[in-house]
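Student: Got a minute to go through this model with me? I'd like to start with how its parts meet.

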Amino acid sequence: MQLPYSESYKIKMVETIRKSTRGEREKWIRDARYNLFNLNSDQVFIDLLTDSGTGAMSDIQWSEMLLGDESYAGARSYYKMKSAIKDIFGFDYFLPTHQGRAAENVLFSTLVKEGDVVPGNSHFDTTKGHIELRKAIPIDCTIDEAFDTELIHPFKGNVNLDKLEEVLKSNRAENIPFIVITVTCNSSGGQPVSMKNLRDIYSLAQKYHIKVLFDAARFAENAYFIKKREEGYQDKTIGEIVAEMFGYADMMTMSCKKDAIVNIGGFIALRDEELFKRASVYNILFEGFITYGGMSGRDLSAVAQGLYEGTDFNYLETRIKQVEYLGGKLIDAGVPIQMPIGGHAVFVDAKRFLTKVPKEEFQAQTLAVELYIESGVRSVEIGTLLADRDPVSRENRFPDLEFLRLAIPRRVYTNNHMDVVAVALINVWERRNSITHGFKIISEAPILRHFTVELDRV
Ligand code: F0G
């Protein structure tokens with residue numbers, strides 16, 4: 001018999017989590033104004049709000065924390081991270097930042113101005129926010145297949161090259177600061193971009209003299225999918241695939257809280273020295289001196305180690321198989337999810353789940369609240385609340401995809417936890433037709449409203 005698959009690590013330290021009663025959860029979520037971000041973490045049993053900064057560091061990463069050099073300038077930890085970035089991605093220049101959106105803030109302050117357009121594949125919300133804050137316009141060029149959740153396509157993060165070329169053709173080059181490619185693409189369901197697509201985007205960009213930026217939060221998961229799904233890559237190592245991928249980028253921003261498996265950290269990496277110097281000014285202004293940029297020395301060291309661990313094939317297989325395990329249970333029960341299953345999360349199609357709830361009453365948020373009351377599992381809405389209002393008309397934007405995301409933290413939960421999540425969601429699925437109303441907004445922020453929005457039942 002073939003040996004079954006199992007985790008590529010064992011557990012050295014544990015943290016207690018507690019169950020609660022349905023009555024307690026009903027009160028807590030009402031007190032939280034039906035916003036799961038407002039819950040106290042002790043009110044949560046299994047926390048699938050995000051895979052960002054919630055991973056478990058390894059014993060080696062923890063020892064790197066003790067070796068961290070806290071010098072203000074030129075710390076050893078900075079050089080460790082610089083050398084890992086050069087080794088893994090091939091970039092000569094880098095600026096540390098405290099997380100991914102800080103990297104966007106620094107780089108976009110350098111490059112994006114009012115009236116610009118920024119094409120890409122379903123920009124992440126902070127990326128979109130940083131573009132729109134500067135009165136520039138993000139343009140989504142993702143392939144149409146990504147918006148049909150039932151359709152199986154191996155690379156739903158891909159860009160439609162015709163849509164992209166149309167944007168490049170119809171705007172002046174000086175109004176397109178860069179094309180941003182998110183690998184894997186979070187907003188379309190943790191879906192990967194193929195190597196062929198990355199190569200084609202880069203050659204199109206060169207034809208029009210436009211730079212390509214990778215939003216690389218989950219670059220290693222993207223490389224894993226290329227190895228598994230794209231012809232010609234089965235025998236390549238993750239390291240070789242990553243090196244080729246980043247050969248098709250001029251610069252990158254990264255939230256290290258994902259594939260570098262740390263609790264905080266980010267960076268910008270570049271090839272162009274002149275651009276590095278311009279961005280350094282903003283880095284010093286917003287983040288800190290260019291050799292620490294909002295991170296402590298120990299954090300820089302943990303990132304350097306985490307980048308290597310995050311690109312280890314055995315680790316990636318453990319991780320992605322766990323997400324597949326949860327997704328498989330939901331598929332077997334008939335729960336509608338984005339197919340195929342994504343890298344970091346299972347994305348439940350709330351439009352097809354809660355068909356009786358009007359879209360104006362926030363279907364995915366309604367489902368998130370129901371799942372929490374059912375089980376104490378915290379998930380997150382990736383739908384109408386997150387899409388914010390149109391910056392000009394101030395009308396609600398109804399995105400093509402209305403998702404409930406079950407994001408799996410790295411190296412944190414076991415498959416027994418996944419079983420609890422699956423049963424909880426299947427219980428809600430079985431009583432879905434009795435859920436006919438959702439929520440209305442009581443108060444909201446003008447941008448990135450989903451973090452702080454207050455809701456009440458309709
Ligand atoms: N880009 C992508 C693709 C992301 O998913 C995120 C964060 C960021 C940039 C911003 O990074 O949080 O370090 O500032 N995503 C988290 C999530 C918040 O839950 O998906 P950050």
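Tutor: One term first. Buried area is the accessible area, with a 1.4 Å probe, that two parts lose on being put together, summed over both. Also, keep in mind that this is a predicted model.

Student: Fine. Which domains is the chain divided into?

Tutor: Domain 1 covers 22–51 + 313–457, and domain 2 covers 59–310.

Student: How much area is buried between domain 1 and domain 2?

Tutor: About 2900 Å². Carbon and sulfur atoms give 57% of that.

Student: Which residues in domain 1 lose the most area to domain 2?

Tutor: Leu316, Pro340 and Arg410. Together they make up 18% of what the domain 1 side buries.

Student: And how many residues are in contact?

Tutor: 32 from domain 1 and 37 from domain 2. The domain centres, taken over C-alpha atoms, are 26 Å apart.

Student: Now the polar side. How many salt bridges are there between domain 1 and domain 2?

Tutor: Eight. Arg410 forms a salt bridge with Glu221, with the closest N and O atoms 3.1 Å apart. Polar contacts across the interface come to 22 residue pairs, both residues at pLDDT 80 or more.

Student: Which elements supply the domain 1 side?

Tutor: Helix H12 (313–332), strand S9 (345–349) and strand S12 (403–407) each supply at least two residues. H12 gives the most, with six residues.

Student: How do the residues on that side divide by type?

Tutor: 17 nonpolar, five polar and ten charged.

Student: Switching to Asp259. Where is it?

Tutor: Asp259 is in the loop between strand S7 (251–255) and strand S8 (266–270).

Student: Why does Asp259 count as buried?

Tutor: Because its relative accessibility is 0%, and buried means under 20%.

Student: What does Asp259 touch?

Tutor: Leaving out residues up to four places away in sequence, its contacts include Phe219, Ala220, Met254 and Gly306. Glu221 and Arg410 are also among them. That is the pair in the salt bridge I gave you.

Student: Which backbone nitrogen lies 2.9 Å from a polar atom of the Asp259 side chain?

Tutor: The one of Ala220.

Student: Last one, Lys196. Which helix is it in?

Tutor: Helix H7, residues 195–207. At 48% relative accessibility, Lys196 counts as partly exposed.

Student: How far apart are the C-alpha atoms of Lys196 and Glu230?

Tutor: They are separated by 8.7 Å, with the two residues 34 apart along the chain.

How values were computed. Residues are numbered from 1 along each chain as its sequence is written. This is a predicted model: local features need pLDDT of at least 70, side-chain atom pairs count only at pLDDT 80 or more; totals for chains, interfaces and linings use all residues. Side-chain values use heavy atoms; hydrogens and water are left out. Domain bounds come from an automatic or database domain assignment. Contact means heavy atoms within 4.5 Å. A salt bridge is a side-chain nitrogen of Lys or Arg within 4 Å of a carboxyl oxygen of Asp or Glu. A polar contact is a pair of N or O atoms within 3.5 Å; within protein, one must be able to donate a hydrogen and the other to accept it, and residues adjacent in sequence count only if both atoms are side-chain atoms. Helices (H or I, at least four residues) and strands (E, at least two) are DSSP runs, numbered from the N terminus. Ala, Val, Leu, Ile, Met, Phe, Trp, Tyr, Cys and Pro count as nonpolar, Asp, Glu, Lys and Arg as charged, and the others, Gly among them, as polar. Buried means under 20% relative accessible area, exposed over 50%, partly exposed in between (1.4 Å probe, protein chains only).
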